[in-house]
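Here's a walk through a protein model, going from one loop residue out to the whole fold. Keep the viewer open and click along as you read.

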Amino acid sequence: MQDLHLKVLRTDVAGMPLEWINYQQAAKLHALDQVVYDVGQTVYRIHGGISAVSGQRSRITVRAVIATCGVHPGHGHNHPAYSPPLCNTSLFKRDQNLCLYCGDQFRDIELSRDHVTPISRGGQDIWSNVVTACKRCNNHKADRSPEQAGLELIAIPFIPTHAEYIFLQSKQILADQMDFLLAHFPRNSPLLERIDKSLIEHEATGEH
Ligand SMILES: [Zn+2]
């Protein structure tokens, strides 16, 4: 079964998760000899050209996790003040698609980003001041604090670490990749209790 959307987890040599890359980027890193080691199941087998020297057809095997050398874009991600970019898809996933006011679960299109302290009252558009809210609760709350609107948050908004953010970005995740991410989650990560293990995939192979 081909699945070109399946992403490869790129880490540094110490196994610190850096980013999701697609199969072309992974193949390129292999071709450029930048992969120090790779782990996990084979997700892609990519056939290249025929070597003029050997007459053999080149083949690149891409595994679920690849560790690369060199300078990484992830430099600074472990700084205590680091905050990943804020987007609704990752925010809704952080909050498990639950409205943090009424506690009901919704699809992405039925949800909105609520600023706990409204922007009009000096609140900021940052992870620690935003929660997932259904449109009904968000409209009801309007430009008020939760207390003023008679609402209570069912969970405290938190700033994801880089490893947590990589998890929040993924739509599809393999068990091998999850192991790497979990190893770098903070011990008290609120996500540990929220991860829906049924969404973690154990099998995936693409032939190209
Ligand atoms: Zn609600």
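Lys171 counts as exposed because 11 other C-beta atoms lie within 10 Å of its own; the cut-offs are 12 or fewer for exposed, 20 or more for buried, and partly exposed in between, with C-beta atoms placed from the backbone. You'll find Lys171 in the loop between helix 4 and strand 7. Helices (H or I, at least four residues) and strands (E, at least two) are DSSP runs, numbered from the N terminus. Measure C-alpha to C-alpha in your viewer and Lys171 sits 9.7 Å from Ile200, with 29 residues separating the two in sequence.

A word on the ground rules. The model is predicted, so to speak of a local feature takes pLDDT of at least 70, and side-chain atom pairs count only at pLDDT 80 or more, while totals for chains, interfaces and linings use all residues. Numbering runs from 1 along each chain as its sequence is written.

Now zoom out. The protein has six helices and nine strands, and its C-alpha trace spans about 75 × 35 × 30 Å along the principal axes. It is divided into domain 1 (8–76 + 171–207) and domain 2 (88–141), with bounds that come from an automatic or database domain assignment. The C-alpha centres of domain 1 and domain 2 are 32 Å apart. Of the 208 residues, 26% count as buried. Take contacts (C-beta atoms, placed from the backbone, within 7 Å) between residues at least 6 apart in sequence: 66% of them join residues at least 24 apart.

Which strands pair with strand 4? Strand 1 does so in the parallel sense, over three bridges, and strand 3 in the antiparallel sense, over ten bridges; pairing here takes at least two DSSP bridges between the strands. On the strand 1 side, Leu9 stands opposite Val65 of strand 4. On the strand 3 side, His47 has Arg59 in strand 4 as its bridge partner. Strand 3 and strand 4 form a hairpin with six residues between the strands, and there Gly55 takes a positive phi near 75°.

What about the nonpolar packing? In soluble globular proteins, nonpolar side chains tend to be buried together. A nonpolar core here is a set of buried Ala, Val, Leu, Ile, Met, Phe, Trp, Tyr and Cys residues joined through C-beta atoms within 7 Å. The largest one has 22 residues, and Val8, Ala26, Val43, Val62, Ala64 and Ile66 touch the most other members. Among the elements giving two or more residues to this core are strand 1 (8–11), helix 1 (23–31), strand 3 (35–50) and helix 5 (175–183). Strand 4 gives the most, with five residues. A second, separate core has twelve residues, including Cys99, Leu100, Tyr101 and Leu111.

Last, a couple of backbone oddities. Most residues other than glycine have a negative phi. Asp33 goes against that, with a positive phi of about 65°, in the loop between helix 1 and strand 3. Asp33 counts as exposed because it has 8 C-beta neighbours inside 10 Å. Ala142 also has a positive phi, near 50°, and is placed in the loop between helix 3 (135–141) and helix 4. With 10 other C-beta atoms within 10 Å, Ala142 is exposed.

Conventions:
Two residues are in contact if their C-beta atoms, placed from the backbone, lie within 7 Å.
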